[in-house]
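Got your viewer open and a hand on the mouse? Let's take a walk through this protein, one selection at a time.

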Amino acid sequence: MTKLHNPWPYPQLVAHRGAGRQAPENTLAAFRLGASRGFLMMEYDVKLSKDGVAVLLHDDTVDRTSNATGIAGDRTLAELADIDFGAWHSPQYAGEPIPTLYSIAAYTLANGIRSNIEIKPTTGLEAETGTQVARLAQKLWAHADVPPLISSFSEEALEAALQEAPMLPRALLIEDEVPADWQQRLEKLQCIGINPSNRHITRELINAMCAAGYHVAVWTVNDADRARDLLNWGCSAVITDEINTMAPGKFHLG
Ligand code: G3P
Ligand code: MG
């Protein structure tokens with residue numbers, strides 16, 4: 001099994017939600033598009049179907065990103081498979097299915113792409129989702145050179161992931177202002193890093209986080225100059241929707 005990684009075994013540039021702005025987010029089509037732009041790491045959101053299968057989806061409901069409505073976690077995988085997760089984006093992606101974590105593991109591992117699995121529990125299922133996703137990730141990446149980075153806004157989900165698969169590296173996502181006790185939270189969850197919002201991170205905070213030995217991956221950074229600043233200030237990675245101007249190979253730090 002994998003062991004805790006420090007230093008950072010991941011690229012600096014991470015495609016957000018697969019590459020989920022120019023293709024439907026969190027679908028295999030988005031991953032293929034991101035890979036075609038040279039991205040070697042993807043961030044994506046994972047939750048559980050009614051029958052406990054780990055699938056990629058951002059919201060609690062399927063409303064925004066499909067042709068159906070309702071809570072995704074109220075449907076079995078077979079029921080989710082009958083929904084179109086691509087046509088909402090554009091006709092070329094009509095019929096795109098919801099991916100399972102299994103299929104995304106197969107695609108990323110076969111193509112040398114690193115993963116940031118964001119545990120995005122259906123509201124109320126935080127611990128169960130943390131446990132199940134960590135268990136499956138540990139199994140699917142058991143023979144990988146580099147384990148997936150597990151992140152979540154939910155400290156309950158991360159705690160469950162820690163209990164289930166302690167050797168998978170974890171990062172705490174922060175939605176709003178970074179709380180004053182960020183370091184205690186990271187220590188409690190035995191995280192290797194923190195993933196703060198681009199809206200609320202400062203150079204001073206990055207300095208403090210790096211000085212404390214934590215990796216910092218900021219989301220969502222769609223301005224190349226801002227990305228350069230963040231990386232030059234010591235961030236380990238930036239998570240971006242900008243798969244053209246911030247594509248690896250096009251983007252330079254200097
Ligand atoms: O993991 C970074 C980012 O994806 C967190 O926000 O809402 O896009 O999942 P969100
Ligand atoms: Mg996410």
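Start by selecting every cysteine. A search through the whole structure turns up zero disulfides, where a disulfide is counted as a pair of cysteine sulfur atoms within 2.5 Å. As a reminder, a disulfide is a covalent bond between the sulfur atoms of two cysteines.

Before going further, some ground rules. This is a predicted model, so local features need pLDDT of at least 70 and side-chain atom pairs count only at pLDDT 80 or more, while totals for chains, interfaces and linings use all residues. Residues are numbered from 1 along each chain as its sequence is written, chains are lettered from A and ligands numbered from 1 in the order in which they are written, and side-chain values use heavy atoms, with hydrogens and water left out.

**Stop 1: the cysteines**

Why does C191 have no disulfide partner? Its sulfur is 15 Å from the closest cysteine sulfur, the one in C210, and that is too far for a bond. C191 is also buried, with a relative accessible area of 8%. (Buried means under 20% relative accessible area, exposed means over 50%, and partly exposed is in between, using a 1.4 Å probe and protein chains only.)

Now click on C210. Its sulfur has its closest cysteine sulfur in C235, 6.3 Å away, which is again too far for a bond. C210 is partly exposed, at 29% relative accessible area.

**Stop 2: the cores**

Next, select Y44, L101, I117 and W141. These have the most contacts inside the largest nonpolar core, which has 61 residues. Helix α1 (residues 28–36) gives the most to this core: five residues. A second, separate core has 13 residues, including V146, A171, I192 and A237. A nonpolar core here is a set of buried Ala, Val, Leu, Ile, Met, Phe, Trp, Tyr and Cys residues joined through side-chain atoms within 4.5 Å. Helices (H or I, at least four residues) and strands (E, at least two) are DSSP runs, numbered from the N terminus.

**Stop 3: α1 and α3**

Stay with α1 and color its buried residues: L28, A29, A30, F31, L33 and G34. What covers them includes β2, β3 and α3. Just after α1, look for G38, which takes a positive phi of about 100°.

Now add helix α3 (residues 101–110). Its axis and that of α1 come within 11 Å and cross at roughly 15°. (Axes are lines fitted to C-alpha atoms, for helices over the stretch in contact, and angles run from 0 to 180 degrees between N-to-C directions.) That makes α1 roughly parallel to α3. Angles under 35 degrees count as roughly parallel, over 145 as roughly antiparallel, 65 to 115 as roughly perpendicular and the rest as oblique.

Which residues make the contact? Show L28, F31, R32 and A35 of α1 together with I104, Y107 and T108 of α3. Contact means heavy atoms within 4.5 Å.

On α3, the buried residues are L101, I104, A105, Y107 and T108. They pack against α1, β2 (41–48), β3 (54–56), β4 (114–119) and α4. After α3 comes G112, with a positive phi near 65°.

**Stop 4: α4 and α5**

Swing over to helix α4 (residues 126–140) and helix α5 (residues 155–164). Their axes are 7 Å apart, and the two helices pack at an angle of about 40°, so α4 and α5 are oblique to each other. On the α4 side, the contact is made by E126, A127, G130, T131, A134, R135 and Q138. On the α5 side, pick out E156, A157, A160, A161 and E164.

**Stop 5: three loop residues**

Find I98, in the loop between α2 (77–80) and α3. I98 is buried, with a relative accessible area of 9%. Leaving out residues up to four places away in sequence, I98 touches V55, L56, L57, L80 and F85.

Is D82, in that loop between α2 and α3, buried or exposed? At 69% relative accessibility, D82 counts as exposed. Draw a C-alpha to C-alpha distance from D82 to G95: these two are 13 residues apart in sequence and 9.3 Å apart in space.

Finish at H16, in the loop between β1 (13–15) and α1. H16 is buried, at 10% relative accessible area. Beyond residues up to four places away in sequence, H16 touches E43, T220, I239, T240 and D241.
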